[in-house]
Amino acid sequence: MRGRGETPTVEEVRLPAPGPGELRVRIRAAGLCHSDLAMVNGTLAPAYPLVLGHEATGVVAEAGPATRLAVGTPVVLNWAPACRDCWHCRHGEPWLCAANTAPSVARGETAAGESVQVTLGLGALAEEVVVPERAAVPVPAGLPPAQAALLGCAVLTGVGAVRNTARVGAGESVAVIGLGGVGLAVLTAARRAGASPILAVDVVEAKRELALAAGATDFLRSDDTLGREVRARTDGRGVDHAFECVGRSATIRAAWRATRRGGAVTVVGMGAKDDLLSLSALDIFHSARTLRSSVYGSTDPDREVPELAAALAAGDLDLAPLVSGTVSLAEAPEALDRLARGEGARWVVTF
Ligand code: APR
Ligand code: ZN
């Protein structure tokens, strides 16, 4: 990305050799996430020129001094590596690590000698990255690369929101608003948790089939009838848990209205800072609902990525419905356009 709103281009970037505690990783697959779009359209404000991409799997190609992982180790990249030393890390909240606040950091340079930024410390839409070893989680060999890449963002985020943030239990009712990679991962996790019914909601009708394949019991259109349709499927109450996976105040409000008295709304989508949410003070009191956000699935990726990778290897976790197709790096800009139009689930760049 050369600047906000521009079309991404494919260019050569010279990376530094891995320093102490760093690895060079050869990327095998990298997913296109809505947060990449946010860096294209300016919802997020990183510095440019910028290498996009933060959801990837690859293999250690070179290990810097003072590292433990051997060359050849398959890894999934973690965009919020925990420092293990700040207040949040010491209080069991590594996903809120104080060391991870910048949307991009400087690493590498163009042929013309300009300094280059990499998204969330990774810049994974590239043949290779140089990253801190903390950002590389070892996984078993032989995982399907496109599915393994998703473990690093959409799946960790969606599964974690269900398991760690909302702690959905068997038999609880769930609504998921927004059926991109993140929302479909939430559906997958809700099904694994034994939730029922699982109501999948989107504005794009073509998401119906994807949602049913990922584990939804019903597909509902996101419009004025949503509240009524949800109550009709929950004995008039509304769902126990609603997950907002779009990142807009309007859909947070829709999630709020779809939830029963005493239920919980979990905001997974990342919205814009000037998009304000308005709720009635009386309703907040009377409805006794909980509204909270889930950042990176409230998880410790060093623990949960290997667990999900093992489930994937064992066939206990099927992420195939989340992958709409694979594309080359040259095709990535066009695939980002498809993502912006809501076409398909996840598009994954393979190398
Ligand atoms: N109601 C319901 N669904 C909507 C609405 C709406 N008003 N507006 C958009 N959507 C749907 C889109 O049709 C699409 O299916 O939300 C989905 C968003 O999917 P993606 O663009 O693939 O986004 P994803 O990568 O899943 O990320 C979702 O989570 O991590 C954050 O930054 C990320 O905010 C983004 C959100
Ligand atoms: Zn992401």
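**Two sheets and a ligand site**

In this predicted model, 6 strands form an open sheet in the order β12-β11-β10-β13-β14-β15, with parallel pairing. Strands and helices are DSSP runs, numbered from the N terminus: a strand (E) has at least two residues, a helix (H or I) at least four. Two strands pair if DSSP finds at least two bridges between them. The edge strands are β12 (218-221) and β15 (290-293), and each pairs on one side only. From one strand to the next, the twist averages 20°. Strand β14 (residues 259-267) pairs with β15 in the parallel sense over 4 bridges. Val267 stands opposite Ser293 in β15.

Helices pack on this sheet. Helix α5 (residues 207-214) touches β11 (198-202) and β12. Contact means heavy atoms within 4.5 Å. The direction of α5 makes about 150° with that of β12. Such angles run from 0 to 180 degrees between N-to-C directions, with axes fitted to C-alpha atoms, for helices over the stretch in contact. Helix α7 (residues 249-258) lies across β10 (174-177), β13 (239-244), β14 and β15. Helix α7 runs at about 150° to β14.

A further sheet is open too, with 4 strands in the order β1-β6-β7-β3 and mixed pairing. Its edge strands are β1 (13-14) and β3 (50-51). Strands β6 (residues 104-110) and β7 (residues 115-119) pair in the antiparallel sense over 4 bridges. Here Val105 stands opposite Val118 in β7.

Ligand 1 has 22 residues around it. A residue counts as near if one of its heavy atoms lies within 4 Å. His34, Asp202, Ser222, Met270 and Arg346 come nearest. Helices α1 (34-41) and α4 (181-192) each supply at least two residues of the shell.

Polar contacts are pairs of N or O atoms within 3.5 Å. A polar side-chain atom of Ser35 lies 2.9 Å from an oxygen atom of ligand 1. An N or O atom in the side chain of Ser222 is 2.8 Å from a nitrogen atom of the ligand. Val246 uses its backbone: an N or O atom there lies 3.2 Å from a ligand oxygen atom. On its own, ligand 1 has 750 Å² of accessible area (Shrake-Rupley method, 1.4 Å probe). The protein covers 90% of that area.

Residues are numbered from 1 along each chain as its sequence is written, while chains are lettered from A and ligands numbered from 1 in the order in which they are written. Local features need pLDDT of at least 70, side-chain atom pairs count only at pLDDT 80 or more, and totals for chains, interfaces and linings use all residues; side-chain values use heavy atoms, leaving out hydrogens and water.

Methods. A polar contact is a pair of N or O atoms within 3.5 Å; within protein, one must be able to donate a hydrogen and the other to accept it, and residues adjacent in sequence count only if both atoms are side-chain atoms.
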